[in-house]
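Reader: Please show me the model, and then let us go through its ring contacts with care.

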Amino acid sequence: MAELWRAAVATARLMVGQRDYDIYVSRRRRFDLAAQVMSREAFFRYCQEQRYGGKSMKKCPC
């Protein structure tokens with residue numbers, strides 16, 4: 001049941017253009033353990049800005 005809930009939340013986030021923060025962090029750490037990562041709030045703002053703030057659609061950093 002918990003796995004189904006996580007999948008539903010991830011799907012809902014993708015529908016509004018919000019990537020999963022935990023996936024972002026794990027991908028950053030995969031290549032560099034000392035890599036700086038954005039806070040959850042900064043990540044959310046960055047993704048929203050990239051998706052809706054510019055003149056063209058862009059991808060999130062994750």
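The questions below concern aromatic pairs and burial.

Author: This is a predicted model, in which local features need pLDDT of at least 70, side-chain atom pairs count only at pLDDT 80 or more, and totals for chains, interfaces and linings use all residues. Residues are numbered from 1 along each chain as its sequence is written, and side-chain values use heavy atoms, with hydrogens and water left out.

Reader: How many aromatic pairs does the structure hold?

Author: Rings of Phe, Tyr and Trp (its six-membered ring) pair if their centres lie within 6.5 Å; planes under 30 degrees apart count as stacked, over 60 as edge-to-face and the rest as tilted. By that criterion, the number of aromatic pairs in the structure is three.

Reader: Is tyrosine 24 buried or exposed?

Author: Buried means under 20% relative accessible area, exposed over 50% and partly exposed in between, with a 1.4 Å probe and protein chains only. Tyrosine 24 has a relative accessible area of 4%, so tyrosine 24 is buried.

Reader: What kind of pair do the rings of tyrosine 24 and phenylalanine 43 form?

Author: Tyrosine 24 lies in helix H2 and phenylalanine 43 in helix H3 (residues 40-53), 19 residues apart, where helices are DSSP runs of H or I with at least four residues, numbered from the N terminus. Their ring centres are 4.7 Å apart and their planes are at 25°, so the pair is stacked.

Methods. Helices (H or I, at least four residues) and strands (E, at least two) are DSSP runs, numbered from the N terminus.
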